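Q: Please take a close look at the strand pairing in this structure. Describe how the strands are arranged and what lies against or between them.

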Amino acid sequence: FAKILSILESMGSVTVQQLMTELNASESTIRRDLNALDANGQLTKVHGGAILKTMAYSTKDDNVVSRKEKNRDAKNKIAKYAAEQIASGDFVYLDAGTTTELMIEYITSRQAVFVTNAISHAKRLAVTEAIVGEEAVTTLEKYNFTKGFWGTNGVSLQKGYSTPELKEAMVKKKSMENCKERFVLADESKFNQISSVTFAPFEGATVITTGLSLPAYKKCKNVIDVKQ
């Protein structure tokens, strides 16, 4: 039991297959142990594995005002670093979200072209197009972005990037598919969180964050921890 909990503590989430390999144990043994640990309240058993008890599932979004106030300093650091990745000649997709909106303050390139699905972003940027509503997914088919920046409600090694809204997830997924370099902006509060709908696997984007303390994510090559 202790070994399973130790592995889970470092990774945040783990599959049955990973535990079988790490512990050189049979599937039936691992599943039996996970059931026992779940019953004791020491972890949460999910389909195909387990997650830390501290990892949260969420099925609804916070309101915009409360999201803007959460971890504002961290979000500003993340937004500034993200904005610095935009170069002259880039064709950029800017996702709706409070951290992506903060990026606008720091964008210095005047030769980049933007497409966004957020009206609030469009009002502050000279954008090519702002696409919202049912037609957004279809409209995105025609674009090939050089860089894109997305917000997320949850970051999980096992479940990837997720959001509570199905329609929002579809727009995020389609825009990501049509983008060369993909960046997800997430402060530490989003890690080890899972929302209702996954829109991309964890390896499908580079995560820009700051002040990250979780060992399992710190060692990932696609995670950039902004120090300054």
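A: **Strand pairing and its surroundings**

Gly-154 stands opposite Ser-162 in strand 10. The model is a predicted one. The pair belongs to the antiparallel ladder between strand 9 (residues 154-156) and strand 10 (residues 160-163), which holds three bridges. A hairpin of three residues makes the link from strand 9 to strand 10. Strand 10 also pairs with strand 13 (residues 197-200), again in the antiparallel sense and over three bridges. In that second ladder, Thr-163 faces Val-197 of strand 13.

Parallel pairing is found in an open sheet of seven strands, whose order is 7-6-5-8-11-14-15. Its edges are strand 7 (129-130) and strand 15 (223-225). Each of these edge strands has a single partner strand, so one side of each lacks a neighbour in the sheet.

Within the order, strand 8 sits between strand 5 and strand 11. On one side, strand 5 (residues 91-94) pairs with strand 8 in the parallel sense through three bridges. Two of the residue pairs can be named: Val-92 has Lys-147 as its bridge partner in strand 8, and Leu-94 has Phe-149. The pairing of strand 8 with strand 11 (residues 179-185) is also parallel, and it runs over six bridges. Here Lys-147 comes back, standing opposite Glu-181 in strand 11. Lys-147 is thus placed across from Val-92 and also across from Glu-181. In general, strands of a sheet pair through backbone hydrogen bonds, in either the parallel or the antiparallel sense.

Is strand 8 mostly covered or mostly open? Of its seven residues, 145-151, six are buried, and the strand is mostly covered. Residues count as buried when their relative accessible area is under 20%. Helix 5 (residues 72-83) packs on the seven-stranded sheet and touches strand 8, along with strand 11, strand 14 (206-209) and strand 15. The direction of helix 5 makes about 135 degrees with that of strand 14.

Strand 11 leads into a loop that ends at strand 12 (193-195), and Asn-192 has its place there. Although Asn-192 is not a glycine, its phi is positive, at about 60 degrees. Most residues other than glycine have a negative phi. The relative accessibility of Asn-192 is 5%, so Asn-192 counts as buried.

Next comes an open sheet of three strands, in the order 1-3-2 and with antiparallel pairing. Strand 1 (13-15) and strand 2 (44-46) form its edges; each has a single partner strand, so one side of each is left without a neighbour in the sheet. From one strand to the next, the twist averages 20 degrees. Strand 2 pairs with strand 3 (residues 49-51) over three bridges in the antiparallel sense, and Thr-44 has Ile-51 as its bridge partner in strand 3.

Two helices lie across strand 1 and strand 3. Helix 1 (residues 2-11) runs at about 120 degrees to strand 1. Helix 2 does so at about 80 degrees to strand 1.

Helix 2 (residues 16-23) also packs against helix 3 (residues 27-39), at an angle of about 110 degrees and with the axes 9 Å apart. Angles of 65 to 115 degrees count as roughly perpendicular, and helix 2 and helix 3 are therefore roughly perpendicular to each other. The crossing of helix 2 past helix 3 is right-handed. On the helix 2 side, the residues in contact are Val-16, Leu-19, Met-20 and Leu-23; they meet Glu-27, Ile-30, Arg-31 and Leu-34 in helix 3. By class, this contact has six nonpolar and two charged residues, and no polar ones.

Asn-24 lies in the loop between helix 2 and helix 3. Its phi is near 50 degrees, a positive value in a residue other than glycine. Asn-24 has a relative accessible area of 73%, so Asn-24 is exposed. Positive phi therefore occurs here at an exposed residue, Asn-24, and also at a buried one, Asn-192.

Technical notes. Residues are numbered from 1 along each chain as its sequence is written. This is a predicted model: local features need pLDDT of at least 70, side-chain atom pairs count only at pLDDT 80 or more; totals for chains, interfaces and linings use all residues. Side-chain values use heavy atoms; hydrogens and water are left out. Buried means under 20% relative accessible area, exposed over 50%, partly exposed in between (1.4 Å probe, protein chains only). Helices (H or I, at least four residues) and strands (E, at least two) are DSSP runs, numbered from the N terminus. Two strands pair if DSSP finds at least two bridges between them. Axes are lines fitted to C-alpha atoms, for helices over the stretch in contact, and angles run from 0 to 180 degrees between N-to-C directions. Angles under 35 degrees count as roughly parallel, over 145 as roughly antiparallel, 65 to 115 as roughly perpendicular and the rest as oblique. A crossing is left-handed if the near helix is turned anticlockwise from the far one by less than a right angle, and right-handed if clockwise. Contact means heavy atoms within 4.5 Å. Ala, Val, Leu, Ile, Met, Phe, Trp, Tyr, Cys and Pro count as nonpolar, Asp, Glu, Lys and Arg as charged, and the others, Gly among them, as polar.
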